[in-house]
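Let's take a friendly walk through a protein model, one sheet at a time. Have the sequence and the 3D view open as you read.

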Amino acid sequence: MKTSHTTFLLAHHTVHHITFDPSTFTDADLLWLPHHAQLTNAGRKRKTDHLAGRIAAAHALSALNDRTIPAIGASGEPVWPANISGSITHSVTQAMVIATRNPHALIGIDCEAILPESEAHEIKDGVIDTEEEAVLSRSGYPFALALTLAFSAKESLFKALFPQVQEYMGFDCARVVMLDNKTLALALTKDAGPFSKGKPFTLAWKMINTQVCTLLIE
């Protein structure tokens, strides 16, 4: 599969960014992965997204002097080396990874295409409540961009917490309490594993062309 690798900084952390062309993918490309047999029955999109994510992960881990390729966990999550924490995201023809040599870090990254305005209004009730909508409105950003950021930030938060919570978290598990030009703050609406209701988390965000990227790392 044809790919290109670049990096960018988000909240002073290096994000490894893969752009890929799904039309150039062949099943033979997966043989590079130690766990390729687990993807045999996956659909083409799943295969291309997964491969691009693991290529990005390989670059991120290589920068930390580690040659491991993250395996697939029981819930589909990436399994990182014991001394490293990381997170993978993919959207359309992009994949991004951040990794750090801190096995106890909370780390989650997510990339989303900015929603069309009509779709944003259609799905908003499944992503935010009325209090959150007021927060997004006060930010001054177009509603579709603000809602995409809320969606993405919650995905990043859930990825970061999953290793300790070990259960699915819906969008109602966290509430947007602040959005400015660099950060977005969430607060838990209920207890989640070792994390108490009301616990705040601050995420960095960045717009990349027609997509947004959000990052939680602490």
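What follows is a short tour of the sheets, the helices that lie across them, and two individual residues. Please keep in mind that this is a predicted model.

**The four-stranded sheet**

Let's begin with the sheet nearer the start of the numbering. Its strands follow the order β1-β2-β6-β5, forming an open sheet of four strands with antiparallel pairing. The edges belong to β1 (2-10) and β5 (85-91); each has a single partner strand, so one side of each is left without a neighbour in the sheet. From one strand to the next, the twist averages 20 degrees.

The pairing of β1 with β2 (residues 13-21) is antiparallel and runs over nine bridges. If you would like a place to look, find Thr-3, which stands opposite Phe-20 in β2.

Which strands does α1 lie across? Helix α1 lies across β1, β2, β5 and β6 (94-100), and it runs at about 145 degrees to β2.

**A charged residue in α1**

Arg-54 has its place in helix α1 (residues 44-62). Is Arg-54 buried or exposed? Arg-54 is buried, yet it has no salt bridge. The nearest side chain of opposite charge is that of Glu-77, 8.5 Å away, whereas a salt bridge calls for a nitrogen-to-oxygen distance within 4 Å. What the side chain of Arg-54 does reach is the backbone oxygen of Ala-71, at 3.0 Å.

Beyond its neighbours within four places in sequence, Arg-54 is in contact with a set of residues including Trp-32, Leu-33, His-35, Ile-69, Pro-70 and Ile-88. Ala-71 appears among these contacts too, as do Ile-72 and Pro-78.

**The five-stranded sheet**

Now move along to the other sheet. This open sheet has five strands in the order β7-β11-β10-β9-β8, and its pairing is antiparallel. Here β7 (107-113) and β8 (174-179) stand at the edges; each has a single partner strand, so one side of each is left without a neighbour in the sheet. The twist averages 25 degrees from one strand to the next.

Strand β9 is a good one to follow. A hairpin of three residues joins β8 to β9, and these two strands pair in the antiparallel sense over five bridges. Strand β9 (residues 183-188) also pairs with β10 (residues 200-208), again in the antiparallel sense and over five bridges. How many residues of β9 are buried? Five of its six residues are buried, which leaves β9 mostly covered.

Here are some opposite residues to pick out in these pairings:

| Residue | Stands opposite | Strand of the opposite residue |
|---|---|---|
| Val-176 | Leu-186 | β9 |
| Thr-183 | Ala-204 | β10 |
| Leu-184 | Leu-203 | β10 |

This sheet also has a helix across it. Helix α4 (residues 143-165) lies across β7, β8, β9, β10 and β11 (211-217), running at about 150 degrees to β7.

**A residue in a loop**

Our last stop is Asp-125, in the loop between α2 (117-123) and α3 (130-138). With a relative accessibility of 69%, Asp-125 counts as exposed, because the cut-off for exposed is over 50%. How far apart are the C-alpha atoms of Asp-125 and Asp-172? They are separated by 10.0 Å, with the two positions 47 residues apart along the chain counted as their spacing.

How values were computed: Residues numbered from 1 in each chain as written. Predicted model: local features only at pLDDT ≥ 70, side-chain atom pairs only at ≥ 80, totals over all residues. Heavy atoms only, no water. Pairing = 2+ DSSP bridges. Axes fitted to C-alpha atoms, helices over the stretch in contact; angles between N-to-C directions. Contact = heavy atoms within 4.5 Å. Buried < 20%, exposed > 50% of the residue type's maximum accessible area, 1.4 Å probe, protein only. Lys, Arg positive; Asp, Glu negative; His and termini not counted. Polar contact = N/O pair within 3.5 Å; in protein donor to acceptor, adjacent residues only side chain to side chain.
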